[in-house]
Amino acid sequence: FPGYVDGVTGPEMMVQLQQQAQRFGTDVRDGWVTKVDFSGPVHKVWVNDTKEIHCQTIIISTGATAKYLDLPSEQHYLKLGGGVSACAVCDGFFYRNQEVVIVGAGDSACEEAHYLSKLCKKVTMLVRKDDFRASKIMAQRVRKTENIEILFNTETLEVLGDGQVVTGAKVINTATKEEKVISCTGFFVAIGHKPNTDVFKDFIYLDEVGYIKYEEPGTSKTNVAGVFVAGDAADKTYRQAVTAAGTGCMAALDAERYLAAKH
Ligand code: NDP
């Protein structure tokens, strides 16, 4: 993220962003949006099933959640911050000159494997079928990278570790039923994201995966007047904090112009 000469952690940056917004008068409230009604001229949002909020404009920035394998061992090390990650761009740096595993076979997995190959000593890529889902060009790039080993027909049985940090992965070749242990300090999962947009689906147009569709490309407008979107809820390509901040700025400007035109 630009401007942080010495780097910054995600949680630290989120606190700073909140404090900066509050300095400009933003009223920040916590709660889960459990229901919305965008059918009338006034948009309605229910928080924690109880509190009802009415507004003229709304910016959806609910993000997308990375999918995991949901193995107990994977979740254990994920929660501890002990070596499981779904973001190579965010965490790859911590595994410089080390050996890592990445699960997935789509464009994201290929892009992230290639990214990791530049930092890490060795990248082992686990593909559950006998071929990639990724585009030919992305798959080709991975195949051509010397320090990436691709294991097809391979699924993870367990993420291994000493209780605190990851030390390996136990995998199985589903064709031969052969099991083996791969030594690694980082276990990356790149099997797709699920946008957090279910609550809007009755009113807002979503694509087949659930990403919000822009009504007008190059803006933050959705199909409902006064409802705008920013960040990963509508972005399956870039998914970075800095691009989300940029679309957040676009949405704020669009919302302001929408209100100005109404009054
Ligand atoms: P995808 O849905 O395209 O791919 C997910 C991959 O994860 C699939 O290969 C799938 O395997 C695998 N997978 C799913 N569940 C499991 C599991 N439980 N165990 C092992 N493997 C699993 O997601 P992506 O995030 O890769 O891409 C999302 C979209 O973003 C795509 O449209 C993609 O093209 C686009 N994108 C484009 C980029 C670019 O052009 N530079 C970069 C990144 C993303 P299987 O194939 O067996 O189903």
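This short talk covers a pocket, the nonpolar cores, a helix and two loop residues of one structure. Please bear in mind throughout that the model is a predicted one.

I begin with the second largest pocket. Its space comes to about 830 Å³. The lining is made up of 29 residues, and those closest to the centre are Gly106, Arg133, Ala190, Ile191 and Gly192. Sorted by class, the lining holds 12 nonpolar, eight polar and nine charged residues. Two elements, α4 (107-119) and β10 (154-161), each contribute at least two lining residues. Which of them gives the largest share of the lining? That is β10, with three residues.

Staying with β10, I turn to Thr156, which has its place in that strand. Is Thr156 buried or exposed? With a relative accessible area of 12%, Thr156 counts as buried, because the cut-off for that class is under 20%. When neighbours within four places in sequence are left aside, the contacts of Thr156 are Leu69, Leu71, Val103, Leu126, Lys170, Val171 and Phe187.

Next, the nonpolar cores. As a general point, nonpolar side chains in soluble globular proteins tend to be buried together. The largest nonpolar core here has 21 residues, and the members that touch the most others are Ile102, Leu116, Val123, Met125 and Phe132. At least two residues of this core come from each of β7 (99-103), α4, β8 (122-126) and α5 (136-143). The largest share, four residues, is supplied by α4. Beyond its neighbours within four places in sequence, Leu116 is in contact with Ala88, Gly92, Val100, Ile102, Val123 and Phe188. A separate core of 15 residues lies apart from this one, and includes Val36, Ile60, Phe200 and Val227.

Helix α4 has now appeared in both the pocket lining and the largest core, and I would like to examine its geometry. How far apart are the end C-alpha atoms of α4? They are 19 Å apart, and this agrees with the 18 Å that 13 residues should span at 1.5 Å a residue. The buried residues of α4 are Ala109, Cys110, Glu112, Ala113, His114, Leu116 and Ser117. These buried residues pack against α3 (88-91), β7, β8, α5, β9 (148-151) and β13 (186-189).

One of those partners, α5, contains Ala139. This residue has a relative accessible area of 5%, so Ala139 is buried. Apart from residues up to four places away in sequence, Ala139 touches Cys110 and Phe132. Cys110 is among the buried residues of α4 just listed, while Phe132 is one of the core members that touch the most others. As for distance across the model, Ala139 and Val42 are separated by 97 residues in sequence and by 48 Å in space, from C-alpha to C-alpha.

Finally, I come to the backbone. Most residues other than glycine have a negative phi. Where, then, is phi positive in a residue other than glycine? One such residue is Asp70, with phi near 70°. Asp70 sits in the loop between β5 (64-66) and α2 (72-80), and is exposed, with a relative accessible area of 60%. Another is Arg239, whose phi is near 50°. Arg239 belongs to the loop between β15 (227-229) and α6 (241-262).

To close, I return to α4, which supplies at least two residues of the pocket lining and the largest share of the largest nonpolar core.

Definitions and conventions
Residues numbered from 1 in each chain as written. Predicted model: local features only at pLDDT ≥ 70, side-chain atom pairs only at ≥ 80, totals over all residues. Heavy atoms only, no water. 1 Å grid on protein atoms, 1.4 Å probe; cavity = no way out; pocket = protein on both sides within 12 Å on 5 of 7 lines; lining within 4 Å. Points joined across faces, edges and corners; volume = space filled by probe spheres on them. Nonpolar A, V, L, I, M, F, W, Y, C, P; charged D, E, K, R; others polar. Buried < 20%, exposed > 50% of the residue type's maximum accessible area, 1.4 Å probe, protein only. Contact = heavy atoms within 4.5 Å. Core = buried A, V, L, I, M, F, W, Y, C linked by side-chain atoms within 4.5 Å. Expected span 1.5 Å × (residues − 1).
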